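The following exercises invite the reader to work through selected residues and ring pairs of one protein chain. Please keep the sequence and the model at hand.

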Amino acid sequence: MKIISPKRLILCIVFLMTCFAFAQNKSERDLILIDKDWRFSFGHLYDTEKDYGHATGYFSYLTKTGFGDGPAAKDFDDRAWRKLDLPHDWAVEQPFSEKASYSHGFKMAGKNYPEKSIGWYRKKITIPESDNGRIISIKFDGIFRNSKVFFNGYFLGTEESGYNGFEYDVTAYVNYGGENTLVVRADASMEEGWFYEGAGIYRHVYLQKTNPIHVISNGTYVTSEIKNTTAAITAEVNIENKGNYKGSIEIVQTVFDSSGKSVAAVSENVVVPDFYKIANYISKLTVNNALLWDIESPILYRLSTQIKQNGKIVDSYETPFGIRAIRFDAEKGFFLNGKPLKLKGTNNHQDHAGIGTALPDELQYFRIKKLKEMGSNAYRCSHHPPTPELLKACDELGMLVIDETRLMGINDYHLNDLKRMIERDRNHPSVFCWSVGNEEWNIEGNIVGVHITEVMQGFTKGIDSTRPVTVGISSGFKSGISSVVEIMGYNYLGNGDIDAHRNQFKNQPGMGTEEGSTFATRGVYFTDDAKHYQSAYDKKPRPTFYSIEEGWKFYAERPYLAGVFFWTGFDYRGEPTPYGWPSVTSYFGMMDVCGFPKDNVFYLKSWWGNSPVVHVMPHWNWSGMEGKEIDVWVHSNCDEVELFLNKKSCGKKKMEQNGHLEWKVKYAPGTLEAIGYKNGKKILSDIQKTTGNAENLKLTLDKENVPNSKVMVVTVEVTDKKGLHVPTSNNEINFSIEGGKILGVGNGDPTSLEKDQFIDELLLVPITNLEEQKLASADLPQQLPSYSENEWKIAFKDRDYKNQAPAYVYLGEFDLKNNAATNVVSFFYKKIGVNATVFVNGKKVEPSAEDSQKYMLNSNVLKEGKNSIYIAATPLQKIKDWDVMNTDPGIIQIITPAELWKRKLFNGYAQIIIQKDETANEAVLSATAKGLRSASLRN
Ligand code: GAL
């Protein structure tokens, strides 16, 4: 017997353990985020040549499988395309134009811009040989919109909606042990909403690998019933078998609490589903001393579902969930965990300043925290399913959600969208209500609306019976949809008699799905239509609309109404009512597009929040208005407030419940102070001080940032020499960063047409008029000889591949708009010969070290206008008659570096969103401005 030395034994054990770990890993699930390192280029809506000839092949992707053509082809050369990481919104990168879409915030993208309405994305993915045997799929959280996806040239499918998550199985097409190509063509020419929607792959993409026997995506459904302190959990799981195994599997369901401790477990042996079949299995578990999910303490549990085959784990699937009870009562409103809870909500779209719809996950947390800070406890996803990260943030931070589908209808387009939304989102404790529509004016008040609502409502219940269904209704209360919908969603007091509706439908609970739609510009206190300024004092915006205060009082006074959702929490791009161009964002928000509060935030905080509030408005920098009367308002939840100007009392006033206080004050510079009293005792005060001139720049990390995260939201402001914030400053600020990058800039000014992003311009210029001459020898010229002018003929025309010359010289041209030394110009050569020498404007150019088919062309070789390019090459040989020979010599790429990042302050503030590099210890953001002391921020 051979004796193994201890050292060898250890090595053997390590080796075996590695093999085992590898085998285990191979059989379990991997979900890999593939947001990084994509290539992007614009295509064209109808000019197929500019769309890289896509869908023009004799055989294209619908004729025969695997015939994706143009960029959809596996080997398409995308070296000259722009490199980027997801999430990406190409609309936000574009300038503004009056001719562009009002709904989409006048960004020059979409249907009126055919050259900016198609986006191509390509990504290389390596999949190891060891994955052979697993199910490989690509998961998209959402693409705006009408996407077509290809994998190694194979067409996978089309997803029309810009708001659905979807998944494609690519197992059959994978090149195991090598490179694979994933291609997406997004077509944003059509709008789905009447608000800004972005363009492109603006949500995450994942590569998923599972065992053939696996839990399908969104394949679990966890519900709970609470009795005293015990929760009876029902855990449903949908398992699919894409393999040939027949026999039994074991399903192990384990509930973990938030500390990671297992609190309940059950296992069961079942028969595996047949080949390509999905089966549903239900387990019951009991969680004792269940901790409930609540808006104050959003406690989460996790269900771990494991599938075992012959005792070995083949799949693990995690489902975060919460234990909580919800109930609507037609008399008393909404109840969370048995306690009444008035819904204090806002409606919101999904875009943010500077970054459009391409929100890093951190921004979801940032925005939900801002809303919570205002005292809000509920969020309506108007008017489409949100990104999964928004719901994750709501689950973790404690924010109730109305989840809404995009379009009402009863066919596959509508019901399948609804189904996917519910199946994706039904484990989120934050989601308390499904909305199946909003203001469908054609059907709201009629029998078509009744029929559609009845179908959608019943259909919804079949997928999730634990949540009620609502529709936001703006006309025809008492008829049509409103007569059959489970929870009446009132859109605006001015649209009908809410009490009358309620008296007729006594058993139907209701809530205000929209209210407000007031106009306000942050930091503006006088309406000036010429400047498109709306004063920030809360007022009735239009004859049939009401102020925030009027709206809240109405809902607060009626216990039968579960609550209200103001239009909106944040301003958004598009819908710049009451104005149009050059206003590009809405005026409705309680906060601006950056999340800087308008004064109404403090009204809501007073009556929605739990802490004492005193907020005095306006600011006190009114030079030139000395002696003139100014409206001073105080938002507060104190019993009384006394106002002082320069220490002199302007009077003490009693605060009415859900009200605000007003004074008229003759302006004199100095200090305006409001002191709040509760039970006769001074408890807090707020001060507006006249400031000196702007002197210093100040950068602050917003407190709503996610701690220690790579993405950071920074507030930019200026202060006077005493350090006081200057509320009227509008200076232009320049930014630079080390150890990171800037994602976007904004300032909340609805009329700002400044750039949101400063990114290098990338232009692809084709080589045109390609001609050729035969060369007598295969020795390629090292210096450009003068070729006879009348020998040139169209390149490759009637080429006799059986009788080719020893070599050819090709002559083409390309145009340069300018020849700035700062441009980076490269020629990406595509092989039209075996060996080649290249001359630009007569000078020989050399291939670059990194890529032998890339030539860097510097400005002393180039000139403005027409440039000539000669390529001398020995010919490629056609092997088979049907071989398609490349005749495209390549493309010229011109990169014009972006100008430095900058943004003007708007009424004292701007916002900059930055991202620290993966490997950097710190990012250093610097801000400079003419006449101001610079600032920098390290983090
Ligand atoms: C509502 C609509 C919202 C928004 C709002 C503006 O009618 O549902 O999406 O357009 O008006 O006031």
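The exercises below concern a predicted model, and each task is followed by its solution.

**Exercise 1. Determine whether N347 is buried or exposed, and identify the polar partners of its side chain.**

Step 1. Locate the residue: N347 belongs to strand β21, which covers residues 343–348.

Step 2. Assess accessibility. The relative accessibility of N347 is 0%, and buried means under 20%, so N347 is buried.

Step 3. Find the polar partners. The N347 side chain forms a polar contact with the side chain of R380 at 2.9 Å. The side chain of N347 also reaches the backbone oxygen of T513, at 2.9 Å.

Step 4. Survey the surroundings. Beyond its neighbours within four places in sequence, N347 contacts residues including S382, E514, F565, F566 and W567.

**Exercise 2. Place V584 in the chain and describe its environment.**

Step 1. V584 lies in the loop between β28 (561–567) and α9 (600–608).

Step 2. Its relative accessible area is 3%; because buried means under 20%, V584 is classed as buried.

Step 3. Residues up to four places away in sequence are set aside; the contacts of V584 then include F96, G105, F106, R573, P750 and L753.

Step 4. Compare sequence and space: K107 is 477 residues from V584 in sequence, yet the C-alpha atoms of the two are 8.5 Å apart.

**Exercise 3. Classify the ring pairs F42–W90 and Y61–F150, and state where their members lie.**

Step 1. The model contains 49 aromatic pairs. In one of them, F42 and W90, the ring centres are 5.7 Å apart and the planes stand at 90°, so the pair is edge-to-face.

Step 2. F42 is in strand β2 (residues 38–42) and W90 in the loop between β3 (82–84) and β4 (118–127); the pair therefore ties together parts 48 residues apart in sequence.

Step 3. F42 is partly exposed at 21% relative accessibility, whereas W90 is buried at 0%.

Step 4. Y61 and F150 also pair edge-to-face, with 5.1 Å between centres and 85° between planes. Y61 occupies the loop between β2 and β3, and F150 strand β6 (residues 147–151), 89 residues apart. Y61 is buried at 13% relative accessibility, and F150 is buried at 0%.

Step 5. Ring pairs also join W38, F40, F42, W90 and Y121 into a cluster.

**Exercise 4. Which rings lie beneath the charged end of R502 and beneath R558?**

Step 1. The charged end of R502 sits over the ring of Y560, 4.4 Å from its centre.

Step 2. R558 lies over the face of F554, at 3.6 Å from the ring centre.

Methods: Residues numbered from 1 in each chain as written. Predicted model: local features only at pLDDT ≥ 70, side-chain atom pairs only at ≥ 80, totals over all residues. Heavy atoms only, no water. Helix = DSSP H or I, 4+ residues; strand = E, 2+ residues; numbered from the N terminus. Buried < 20%, exposed > 50% of the residue type's maximum accessible area, 1.4 Å probe, protein only. Contact = heavy atoms within 4.5 Å. Polar contact = N/O pair within 3.5 Å; in protein donor to acceptor, adjacent residues only side chain to side chain. Phe/Tyr/Trp six-rings, centres within 6.5 Å; stacked < 30°, edge-to-face > 60°. Lys NZ or Arg CZ within 6 Å of the ring centre and 35° of its normal.
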